[in-house]
Amino acid sequence: MRHLIHKLVLLIKNSLITIFWGIIIGLFFSILISLITPLEVLNDQIIARIRPNLLDLGIAVASGIAGAYAYSKEEINKTLAGVAISVALVPPLAVAGIGIGWMDWGVFGGAMLLLGTNLAGIVMAASLTFLLLGFSPFRLAKRGLLISLGILIVIALPLGLSFNKMVEENIIIQDLSGQEIPHGLLREVKVIQMQPLKFSVTILSEEALTEQDFKEIRAEIEDKIGRDIALELTLGVRLGDIEK
């Protein structure tokens, strides 16, 4: 038993060292690439990885189960485990490095939260999968499972809040997209942030608009959703039956 525990401790130690250096190397190269690339734009791929929610946790759990099952079966290609895990871990790690390169701590923090979420979800799901497959008796795995579960619960709390914000954003987008207001038709509504509420929208109009028109458009949108907003507005001019 003592020999088994020693091997287990050594395995955990080596795993933590591997994870640590994997994160450091991943951050280093993503920081380097962000510094030599002259672009600093929050595109959809980056935004998707700085606002994690419960759906991301579900994907991480599924990746952990798939990876553990593939690793335990000789007839299944072991690379599947690596693919499942890398899909969940590498993108947020890269975005975290980009956040450091840009000195944007909001990007870094959001991406690291997603990385921690995915890592905790994978470890917990993989541990349970190995346990159910008979790789370890419950009495030996109990402490590690309880620690993983505790970390998972702590991470899940802000993810639940983030999920509620996402639902609220989608309600706003559905309420505004395609709506006709006195100055034109609202299209391509995107929520940028919730507190304070800020979003971008394209308005299709049949004539050029003035600064006063833009102020009236904001007032019209505020009246529709019942909240004060900050607005980034893009104008599209409709010429006959052709939208431009």
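User: How do you know that helix α3 has the span its 19 residues should give?

Analyst: This is a predicted model, and we can check α3 with a ruler and a rule of thumb. At 1.5 Å a residue, residues 54–72 should span 27 Å, and the end C-alpha atoms of α3 are 27 Å apart, so the two agree.

User: Which residues of α3 are called buried, and what makes them count as that?

Analyst: The cut-off is under 20% relative accessible area. In α3, the buried residues are Asp56, Leu57, Ala60, Ser63, Gly64, Gly67, Ala68, Ala70 and Ser72.

User: Why is α3 called oblique to α5?

Analyst: Look at the angle: α3 and α5 (residues 105–132) pack at about 40 degrees, with their axes 7 Å apart. Angles under 35 degrees would count as roughly parallel, and 65 to 115 as roughly perpendicular. About 40 degrees fits neither, so α3 is oblique to α5. The crossing is right-handed, too.

User: Which residues make the contact between α3 and α5?

Analyst: On α3 they include Leu57, Ala60, Gly64 and Ala68, and on α5 they include Leu114, Gly121, Ile122 and Ala125. The residues of this contact divide into 12 nonpolar, 7 polar and 1 charged.

User: How do you know that helix α7 fits its expected span?

Analyst: Same trick! Its 15 residues, 211–225, should span 21 Å, and the end C-alpha atoms of α7 are 22 Å apart, which agrees. Among the buried residues of α7 are Asp213, Ile217 and Ile221.

User: What comes just after α7?

Analyst: That's Gly226, which takes a positive phi of about 75 degrees.

Definitions and conventions:
Residues are numbered from 1 along each chain as its sequence is written. This is a predicted model: local features need pLDDT of at least 70, side-chain atom pairs count only at pLDDT 80 or more; totals for chains, interfaces and linings use all residues. Side-chain values use heavy atoms; hydrogens and water are left out. Helices (H or I, at least four residues) and strands (E, at least two) are DSSP runs, numbered from the N terminus. The expected span of a helix is 1.5 Å times one less than its number of residues. Buried means under 20% relative accessible area, exposed over 50%, partly exposed in between (1.4 Å probe, protein chains only). Axes are lines fitted to C-alpha atoms, for helices over the stretch in contact, and angles run from 0 to 180 degrees between N-to-C directions. Angles under 35 degrees count as roughly parallel, over 145 as roughly antiparallel, 65 to 115 as roughly perpendicular and the rest as oblique. A crossing is left-handed if the near helix is turned anticlockwise from the far one by less than a right angle, and right-handed if clockwise. Contact means heavy atoms within 4.5 Å. Ala, Val, Leu, Ile, Met, Phe, Trp, Tyr, Cys and Pro count as nonpolar, Asp, Glu, Lys and Arg as charged, and the others, Gly among them, as polar.
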